[in-house]
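This report describes one protein model and the ligand surroundings in it. Please keep the sequence and the coordinates open while reading.

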Amino acid sequence: MTVQLGMPHPRGTAIPGTGASAQSGRPAGLPAGLVDRYGRRATDMRLSLTDKCNLRCTYCMPAEGLEWLSKQAVMSAEEIVRIVRIGVDMLGVRELRLTGGEPLVRADLLDIIAALRQAHPELPISMTTNGVGLDKKAAGLKAAGLSRINVSLDSLHEETFAQLTRRPFLNKVLAGVDAAWAAGLGPVKLNAVLMRGINDAESPALLAWALDRGYELRFIEQMPLDADHGWTRRNMITAAEIRQLLSADFVLGPDPRARDGAPAERFEVRRRMPGTAGTTGPVLGTVGIIASVTEPFCSDCRRTRITAEGKIMSCLFSRDEVDLLGLLREGASDEQLAGRWQDAMWIKPKAHGMDHVGLDAPDFVQPDRSMSAIGG
Ligand code: SAM
Ligand code: SF4
């Protein structure tokens, strides 16, 4: 549902963080930035470049795809650059992740990254991609100014990969991962969603493969954000199960580095020595577990999301969206846009509520948008 916050008064919210807003009930005198009613401050921006994708992952998209947005409905390169500039220069955004849909399918991707880099020489800009076509684009992405990359990789078996993504592109993705590493887009992070009976048993092998190559693997709990609405609590693989599955081959210990608002809880990984109970070898690397459902981190959430059509989503599970692009296209000033963004974040929910109620329970309703249409 798009929340109608209306056109801010020309001067009413002129100085982000200081003016009260009648639109959202945001009081005067707050610290500058994207703060909410629960004292959180969003500094990590996820921006979706497109809703389109060339894979059909079962936990995200239906087999037939979705009805794509029109070109006109999607933010142009100039609009993206302006919105990011407002986020960074006026609202305290410190980190940008480009996502989708599949960002690599956007024809002007390199121009967008180059323009963002020119405007923000020091800003960490990363991108989440499915890796299809990355082998040919990695060097260009690096040259344009991309800092780092996350590639989604759920299986190393062709059949399983094709079953999960409904496309036979495993080799393309593997080539893309290696090319990203070679181009200097490291540390390369890999995202894997485990599905019961499909790729869950492969999790230790996937971790071993990533550790061997120096890639940082992160397992993501499957969230109820699939367009098919097939998610069930019973079927999802929980973080506790993931730790259990990995413990067959590895010993996980706490990572001494501070989590610092990161969605993934990181663990140091040592190989379990067969026959030597409790004895382990050296640290081989780290693994991350993003337990959004069963061990949520809402109280420390620092994310603000912009969908491909320029809607602000304060939370992945928010049913309320606030239109930023529409206001921009009406000719709003930077201050008005910043004010609306602040309003949207002010009403960010305290928590998504998935962890203590079932999907069928009355106080958790699966959002209308699927992951690809939000920008994960
Ligand atoms: N297409 C790109 C990709 O797949 O990496 C970027 C967009 S995708 C929506 C971003 C991340 O969301 C991917 O790592 C994907 O595995 C994850 N994802 C998609 N649907 C999910 C779901 N229902 N639960 C958990 N993670 C999901
Ligand atoms: Fe496409 Fe990424 Fe969704 Fe898979 S997870 S269908 S690659 S947007």
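The sections below go from the overall composition to strand pairing, salt bridges, single residues, backbone geometry and a ligand shell.

## Overall composition

The structure is a predicted model. Its protein chain contains 10 helices and 15 strands. Of the 376 residues in the protein chain, 55% are buried. Among contacts in the protein chain with a separation of 6 or more, 71% are between residues 24 or more positions apart.

## Strands β4, β5 and β6

Strand β5 covers residues 95–99, and four of its five residues are buried, so the rest of the structure largely encloses this strand. On one side of the pairing list is β4, which runs parallel to β5 and is joined to it by five bridges. One residue pair can be named here: R46 has R97 in β5 as its bridge partner. Between β4 and β5 the chain passes through helix α1 (residues 77–91), and the resulting β-α-β crossover is right-handed.

β5 also pairs with strand β6 (residues 125–129), in the parallel sense and over three bridges. In this pairing, L96 stands opposite I125 of β6. The unit made of β5, helix α2 (residues 109–119) and β6 is a right-handed β-α-β unit as well.

## Salt bridges

The whole structure holds 15 salt bridges. One of them is formed by R303 and D44, with 3.0 Å between the closest N and O atoms. This pair links distant parts of the chain, since R303 belongs to strand β13 (residues 303–306) and D44 to strand β4 (residues 44–48), 259 residues apart. R303 counts as buried because its relative accessibility is 5%, under the 20% limit. D44 has a relative accessibility of 7% and is therefore also buried. R46 joins these residues: D44, R46 and R303 form a network of salt bridges.

Another salt bridge is made by the side chains of R257 and D255, at 2.8 Å from N to O. In this pair R257 is partly exposed, at 48% relative accessibility, whereas D255 is buried, at 11%. The side chains of R302 and D300 meet in a salt bridge too, with an N to O distance of 3.4 Å. R302 is partly exposed at 25% relative accessibility, and D300 is partly exposed with a relative accessible area of 36%.

## Surroundings of T286 and L252

T286 sits in strand β12 (residues 280–290). Is T286 buried or exposed? Its relative accessible area is 15%, so T286 is buried. Apart from neighbours within four places in sequence, T286 contacts L211, E216, L217, D255, R257, R266, F267, E268 and V269. The list thus includes D255 and R257, the two partners of the 2.8 Å salt bridge.

L252 is part of strand β10 (residues 250–254). At 22% relative accessibility, L252 is classed as partly exposed because the value is not under 20%. With residues up to four places away left out, L252 touches R243, L246, F267, E268, V269 and V287. F267, E268 and V269 appear in the contacts of L252 and in those of T286. For L252 and V287, the C-alpha to C-alpha distance is 8.4 Å at a sequence separation of 35 residues.

## Backbone geometry

The peptide bond from G186 to P187 is cis, and its omega is near -5 degrees. P187 is located in the loop between α5 (170–182) and β8 (189–193).

Two residues other than glycine can be listed with a positive phi. R166 has a phi near 60 degrees and lies in the loop between α4 (158–165) and α5; R166 is partly exposed, at 27% relative accessibility. H229 has a phi of about 55 degrees and is placed in the loop between β9 (216–220) and α7 (239–246). The relative accessible area of H229 is 45%, which means that H229 is partly exposed.

## The shell of ligand 2

Which residues surround ligand 2? The shell consists of C53, L55, C57, C60, M61, G101, N130 and S372. By class, five of these residues are nonpolar and three are polar, with no charged residues in the shell.

Note on methods: Residues numbered from 1 in each chain as written. Chains lettered and ligands numbered in written order. Predicted model: local features only at pLDDT ≥ 70, side-chain atom pairs only at ≥ 80, totals over all residues. Heavy atoms only, no water. Buried < 20%, exposed > 50% of the residue type's maximum accessible area, 1.4 Å probe, protein only. Contact = heavy atoms within 4.5 Å. Near = heavy atom within 4 Å. Nonpolar A, V, L, I, M, F, W, Y, C, P; charged D, E, K, R; others polar. Salt bridge = Lys/Arg side-chain N within 4 Å of Asp/Glu carboxyl O. Pairing = 2+ DSSP bridges. Right-handed = clockwise from strand over helix to strand, strands pointing away.
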